[in-house]
Amino acid sequence: MTVIYQKSTALTDRELHYCPGCSHGIIHKLVAETLEELNLTDRAIGICPVGCSVFAYDYFVCDMLEAAHGRAPAVATGVKRVHPDAPVFTYQGDGDLASIGMGEILHAAVRGEKITTIFVNNTTYGMTGGQMAPTTLVGQRTTTSPFGRDPAHCGGPVRMAELIGTVDGTAYAERVAVYDIPRLLQAKRAIRTAFELQLQGAGFTFVEVLASCPTNWGMTPLEAAARVRDEMVPVFPLGVVRDIRKEEAQ
């Protein structure tokens, strides 16, 4: 029998703990396929902090480290400086990266650390019960904003890709989504580009992935995917925010 599809060799056989319809499994798959296709699995070092991805070390075959909440960029900085030839990446959620880790990620970009960050934005604190996150949409109900996010009281959602894209040390920043196959393929290309530029020593690379959280949103997986498309994308536009290669070509 001809094998037409099999899981990436950069993933373990451990069953994922994520909720049905959660985007983390898809994003893990894209990162793993990229590592495998670029022959980086044996060299790569990943850092995951606190959040739904806290057990990512169970799923990736490459070396993985655990960091305190929000501190993955700091740990990745140390790892990369000790192992400058290793592909180093962080895998972080929005509650982790855009809240307690905001200073860490911005200064990693400012320094132009030659690491890659995969940023999973599902507009909520997924692991701890669905509280309002820095990325929560205006009007979105969460356990800590039961009447919806009020911009007069809480401000609006943080657009991390745009913020990171303004920093001189950033070589590449793109926002993608995984709610359908065309978007999934674009996400794969963005992740691959981010790793390739890291290997070239271009600087800090950042891929924001719009993701679904059916459990905390109180939706079915299909409803959650539609919400990403219909409600998140208008607030968080997809596309490349910064690509140093285009700037150098001008």
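Which backbone nitrogen lies 3.1 Å from a polar atom of the side chain of T142? In this predicted model, that nitrogen belongs to M132. T142 itself is found in the loop between β6 (131-132) and α5 (151-154). The side chain of T142 also makes a polar contact with the side chain of S145, at 2.7 Å. With a relative accessible area of 9%, T142 is under the 20% cut-off and therefore counts as buried. When neighbours within four places in sequence are left aside, the contacts of T142 are with G130, Q131, M132 and T136. D180 stands 38 residues from T142 in sequence, and the C-alpha atoms of the two are 25 Å apart in space.

T136, one of the residues in contact with T142, lies in the loop between β6 and α5 as well. Its relative accessibility is 0%, so T136 counts as buried. Apart from neighbours within four places in sequence, T136 is in contact with T123, T142, R149 and P157. Towards T123, the side chain of T136 reaches the backbone oxygen at 2.8 Å.

T123 is placed in the loop between β4 (116-121) and β5 (124-125). At 0% relative accessibility, T123 is buried. The backbone of T123 has a positive phi of about 60°, although the residue is not a glycine. Most residues other than glycine have a negative phi. A positive phi, near 60°, is also found at N39, again a residue other than glycine. N39 belongs to the loop between α1 and β1 (45-48). Its relative accessibility is 65%, which is over the 50% cut-off, so N39 counts as exposed. Of these two residues with positive phi, T123 is thus buried, whereas N39 is exposed.

Helix α1 (residues 24-37) packs with helix α7 (residues 181-199) at an angle of about 45°, and the two axes are 9 Å apart. Because of this angle, α1 is oblique to α7. The crossing of α1 past α7 is right-handed. On the α1 side, the contact is made by I26, L30, V31, E33, T34, L35 and E37. The α7 side contributes L184, A187, K188, I191, R192 and F195. By residue class, the contact of α1 with α7 comprises eight nonpolar residues, one polar residue and four charged residues.

Helix α7 also takes part in the packing of helix α2. In α2 (residues 72-82), the buried residues are A72, P73, A76, T77, V79 and K80. These buried residues pack against the strands β1, β2 (63-66) and β3 (88-93), and against the helices α4 (102-110) and α7.

A further buried loop residue is Y59, found between β1 and β2. Its relative accessible area is 4%, a value under 20%, and Y59 therefore counts as buried. Not counting residues up to four places away in sequence, Y59 touches A10, L11, T12, R14, E15, L16, H17, Y18 and H28. H28 falls within the residue range of α1. Y59 and T123 are separated by 64 residues in sequence and by 24 Å in space, C-alpha to C-alpha.

Notes. Residues numbered from 1 in each chain as written. Predicted model: local features only at pLDDT ≥ 70, side-chain atom pairs only at ≥ 80, totals over all residues. Heavy atoms only, no water. Axes fitted to C-alpha atoms, helices over the stretch in contact; angles between N-to-C directions. Helix = DSSP H or I, 4+ residues; strand = E, 2+ residues; numbered from the N terminus. Parallel < 35°, antiparallel > 145°, perpendicular 65-115°, else oblique. Left-handed = near helix turned anticlockwise from the far one by under 90°. Contact = heavy atoms within 4.5 Å. Nonpolar A, V, L, I, M, F, W, Y, C, P; charged D, E, K, R; others polar. Buried < 20%, exposed > 50% of the residue type's maximum accessible area, 1.4 Å probe, protein only. Polar contact = N/O pair within 3.5 Å; in protein donor to acceptor, adjacent residues only side chain to side chain.
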